[in-house]
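Trainee: Could you pick one part of this model and take me through it closely, with whatever surrounds it? I'd like one connected story rather than a list.

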Amino acid sequence: MATGSPATPPNPAASNALSFANSDLAFKDNHLFVGNYHGFNAYDIENGRTPRLIASVVCPGGQGDVSIHGTLLFMSVEQTRGRIDCGL
């Protein structure tokens, strides 16, 4: 450990950057669902060169692992801050 001035505190914006990382994907027909730590986004990917955002759903609760079964989307999390009602 170096001597001298104390270490610079971490930048909160940089340390929280991973919570917006799109970490899990699920596909259904021409739609892509992308989970992250704050919920999930839905995209129309009919034209792969220009995906179009069609919905953003806020549902905090940890890393959102999205799955599709039929016409249902499931988002699984493994943290105690998970919610059963997703916010606006």
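Mentor: Let's get one term out of the way: a salt bridge here is a side-chain nitrogen of Lys or Arg within 4 Å of a carboxyl oxygen of Asp or Glu. By that rule the structure holds 1 salt bridge. The pair is Asp44 and Arg52, whose closest N and O atoms are 3.2 Å apart. Asp44 has a relative accessible area of 16%, so with the cut-off for buried at under 20% this residue counts as buried.

Keep in mind that this is a predicted model. Mean pLDDT for the protein is 80, with 70% of its residues at 70 or more. Helix H1, residues 12-15, has the lowest confidence, a mean of 63, while strand E1 has the highest, at 93. So my pick for the close look is E1, because that is where confidence peaks.

Where does E1 sit in its sheet? The sheet is an open one of 4 strands, ordered E1-E2-E3-E4, with antiparallel pairing. E1 (24-28) is at one edge and E4 (52-58) at the other; each has a single partner strand, so each has one side without a neighbour in the sheet. On average, neighbouring strands in this sheet are turned by 20 degrees against each other, if you ignore direction.

The partner of E1 is E2, residues 31-36, and the two run antiparallel, joined by 5 bridges. To get your bearings on that pairing, find Leu25: across from it, in E2, stands Val34. Between E1 and E2 comes a loop, and Asp29 is in it. Asp29 is worth a pause for its backbone, since most residues other than glycine have a negative phi. Asp29 is not a glycine, yet its phi is positive, about 55 degrees. Its relative accessible area is 68%, so Asp29 is exposed.

Now compare that with another aspartate, Asp24, which lies in E1 itself. Asp24 comes out at 17% relative accessibility, so it is classed as buried. Skip the neighbours within four places in sequence, and Asp24 is in contact with Phe33, Val34 and Gly35, plus Gln63, Gly64, Asp65 and Val66. Gly35 belongs to strand E2 and is buried too, because its relative accessibility is 0%. Gly35 also has a C-alpha atom 9.3 Å from that of Ser67, although 32 residues separate the two along the chain.

Phe33 ties several of these pieces together. With neighbours within four places in sequence left aside again, its contacts include Asp24, Leu25, Ala26 and Lys28. The list for Phe33 goes on to Asn41, Ala42, Val66, Ile68 and Leu73. Phe33 is also part of the largest nonpolar core, a group of 5 residues that also takes in Ala26, Phe40, Ala42 and Val66.

That brings us to Val66, a contact of both Asp24 and Phe33. Val66 stands opposite Met75 in strand E6. E6 covers residues 72-76 and pairs with strand E5, residues 65-69, in the antiparallel sense over 5 bridges. In the E5 and E6 hairpin there are 2 residues between the strands, and Gly70 takes a positive phi near 65 degrees there. So if you start at E1, follow Asp24 to Val66, and then look across to Met75, you have a route through this part of the model.

How values were computed: Residues numbered from 1 in each chain as written. Heavy atoms only, no water. Pairing = 2+ DSSP bridges. Axes fitted to C-alpha atoms, helices over the stretch in contact; angles between N-to-C directions. Core = buried A, V, L, I, M, F, W, Y, C linked by side-chain atoms within 4.5 Å. Buried < 20%, exposed > 50% of the residue type's maximum accessible area, 1.4 Å probe, protein only. Contact = heavy atoms within 4.5 Å. pLDDT = per-residue confidence, 0-100.
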